[in-house]
Amino acid sequence: MAFGATHLSLAFCLMALIVLVKADFYGNKEPINNILEKNSEMLTQDFCIFAAVGSVVTEAIARERRMGASLIRLFFHDCFVDGCDAGILLDDIPGRFQGEKTSPPNNNSVRGYQVIDQAKQRIKTMCPGAAVSCADILALAARDSVAMLGGIPYPVSLGRRDARTANFTGALTQLPAPFDDLNVQLKKFSNKGMSPREMVALVGSHTVGFARCVTLCDDRNINPAMKSTLKCGCPVSNNNTNLVPLDLMTPDFFDKFYYEDLIRNQGLLFSDQVLMGSTATSDVVRTYNSNPTLFLREFNDAMIKMGNLPPSRGVQLEIRDVCSKVNSNSIADM
């Protein structure tokens with residue numbers, strides 16, 4: 001593991017559930033953060049971190065189920081640009097710094113930043129003295145989202161560090177785009193050490209994903225077979241907020257039906273449907289469709305591998321106190 005000592009959080013999460021569900025068992029409707037605070041003495045520091053992040057994610061998805069998909073995507077968009085370094089969380093500084101947050105693939109599209117901020121604050125409140133990076137919080141929030149939406153929990157290791165910079169151009173060139181053909185996608189994933197099979201597993205997260213109408217009204221981005229069924233009223237303005245699910249059958253659940261859509265030529269995005277254009281990827285699509293458990297297991301393996309992508313060599317690292325800005329003095333953390 002590239003990030004120091006491994007902490008298998010799966011067992012800790014099961015312990016967290018015991019603490020959190022005890023209130024419901026006895027009819028106590030106290031907020032989760034109050035329950036955690038009262039039980040903080042029985043928590044190890046790592047367990048406290050896992051429980052604090054998990055409680056924030058649970059609350060966020062309870063308010064809006066789509067937030068789970070957004071947190072998974074936020075983690076992907078962070079790790080795929082120069083490694084898992086929380087670069088995507090940095091705010092621009094007008095005239096001085098332009099980061100990934102406002103790069104076209106992310107601007108007015110990627111969301112969930114406030115959940116990460118809330119998790120950082122929850123850790124400070126519940127786990128005094130705990131040093132956990134924003135990059136680690138992104139990894140934990142994505143894992144917890146997968147589990148809450150119907151996937152299988154998987155272990156997450158701590159020890160990542162936050163970059164003191166971000167890469168506006170890298171977000172444009174490194175992230176897969178909805179108009180990418182299969183060869184371009186395979187190259188982008190190969191550049192991150194991912195095999196075609198791992199690529200098909202990771203894009204399976206589109207089973208809980210949504211696309212904006214402003215994206216789908218661009219003919220480059222949509223599967224031509226689905227254009228006539230699109231109910232977006234194209235063309236639309238850039239500030240249009242209407243959404244269309246990428247999984248037509250079960251958009252709220254992490255399952256295999258996204259792959260069934262592809263087999264039926266009903267993948268919504270151009271970049272999704274082209275997975276059926278080569279046996280190197282279409283055979284994997286058919287395998288995951290016929291064996292959902294295998295998909296969930298191999299998706300987890302690919303997420304763990306992606307979560308190990310290191311920051312760019314030579315980049316200054318720290319543990320940010322506030323996830324949206326670098327520390328004012330972080331010599332001790334670098």
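Trainee: Which residues form one aromatic cluster together with Phe254 and Phe299?

Mentor: In this predicted model, a search of the whole structure finds 10 aromatic pairs. Phe254 and Phe299 belong to one aromatic cluster. The other members of that cluster are Tyr258, Tyr259, Tyr288 and Phe295.

Trainee: Are the rings of Phe254 and Phe299 stacked, edge-to-face or tilted?

Mentor: The ring centres of Phe254 and Phe299 lie 4.8 Å apart, and their planes meet at 55 degrees. Planes under 30 degrees apart count as stacked and those over 60 as edge-to-face, with the rest in the remaining class. The angle of 55 degrees therefore makes the pair of Phe254 and Phe299 tilted.

Trainee: How many residues apart in sequence are the parts that Phe254 and Phe299 tie together?

Mentor: Phe254 lies in the loop between strand E3 (243-245) and helix H11 (257-263). Phe299 belongs to helix H14 (residues 292-306). The pair therefore ties together parts whose separation in sequence is 45 residues.

Trainee: Is Phe299 buried or exposed?

Mentor: A residue counts as buried under 20% relative accessible area. Phe254 meets this limit with 3%. Phe299 has a relative accessibility of 1%, so Phe299 counts as buried.

Trainee: Which helices hold Phe76 and Phe189?

Mentor: The rings of Phe76 and Phe189 have centres 6.2 Å apart and planes at 45 degrees, so this pair is tilted. Both residues are buried. The pair ties together parts 113 residues apart in sequence, because Phe76 lies in helix H4 and Phe189 in helix H8 (residues 182-190). The helices are thus H4 and H8.

Trainee: Where does UniProt place the feature "active site"?

Mentor: The feature comes from an unreviewed UniProt entry. The residue in question lies in helix H4 (residues 66-79). The position given in the record is His77.

Trainee: Is His77 buried or exposed?

Mentor: Leaving aside residues up to four places away in sequence, His77 touches Ile88, Glu100, Pro105, Asn106, Val110 and Leu175. The relative accessibility of His77 is 7%. Because the limit for this class is under 20%, His77 counts as buried.

Trainee: Which residue does UniProt list for "binding site"?

Mentor: This annotation also comes from an unreviewed entry. The residue is found in the loop between helix H7 (168-174) and H8. Its contacts, not counting residues up to four places away in sequence, are Phe76, Phe80, Lys188 and Phe189. At 25% relative accessibility it counts as partly exposed, and its name is Pro176.

Trainee: Which residues have the most contacts inside the largest nonpolar core?

Mentor: Nonpolar side chains tend to be buried together in soluble globular proteins. Here the largest nonpolar core has 75 residues, while a second, separate core of 13 residues includes Ile222, Met226, Leu230 and Cys232. Within the largest core, the residues with the most contacts are Leu89 and Met306.

Trainee: What is the distance from the charged end of Lys101 to the ring centre of Tyr113?

Mentor: Lys101 and Tyr113 are among the residues that Leu89 touches. The charged end of Lys101 sits over the ring of Tyr113. The distance from the ring centre is 4.3 Å.

Trainee: What share of the residues of the protein chain counts as buried?

Mentor: The protein chain has 14 helices and 4 strands. Its accessible surface comes to about 15000 Å², and 54% of this belongs to carbon and sulfur atoms. Of its 334 residues, the share that counts as buried is 51%.

Methods
Residues are numbered from 1 along each chain as its sequence is written. This is a predicted model: local features need pLDDT of at least 70, side-chain atom pairs count only at pLDDT 80 or more; totals for chains, interfaces and linings use all residues. Side-chain values use heavy atoms; hydrogens and water are left out. Helices (H or I, at least four residues) and strands (E, at least two) are DSSP runs, numbered from the N terminus. Buried means under 20% relative accessible area, exposed over 50%, partly exposed in between (1.4 Å probe, protein chains only). Accessible areas come from the Shrake-Rupley method with a 1.4 Å probe; for residues, only the protein chains shown count as cover. UniProt positions are given in the numbering used here, feature names are shortened, and annotations may be inferred rather than shown by experiment. Contact means heavy atoms within 4.5 Å. Rings of Phe, Tyr and Trp (its six-membered ring) pair if their centres lie within 6.5 Å; planes under 30 degrees apart count as stacked, over 60 as edge-to-face and the rest as tilted. A charge sits over a ring if NZ of Lys or CZ of Arg is within 6 Å of the ring centre and within 35 degrees of the ring normal. A nonpolar core is a set of buried Ala, Val, Leu, Ile, Met, Phe, Trp, Tyr and Cys residues joined through side-chain atoms within 4.5 Å.
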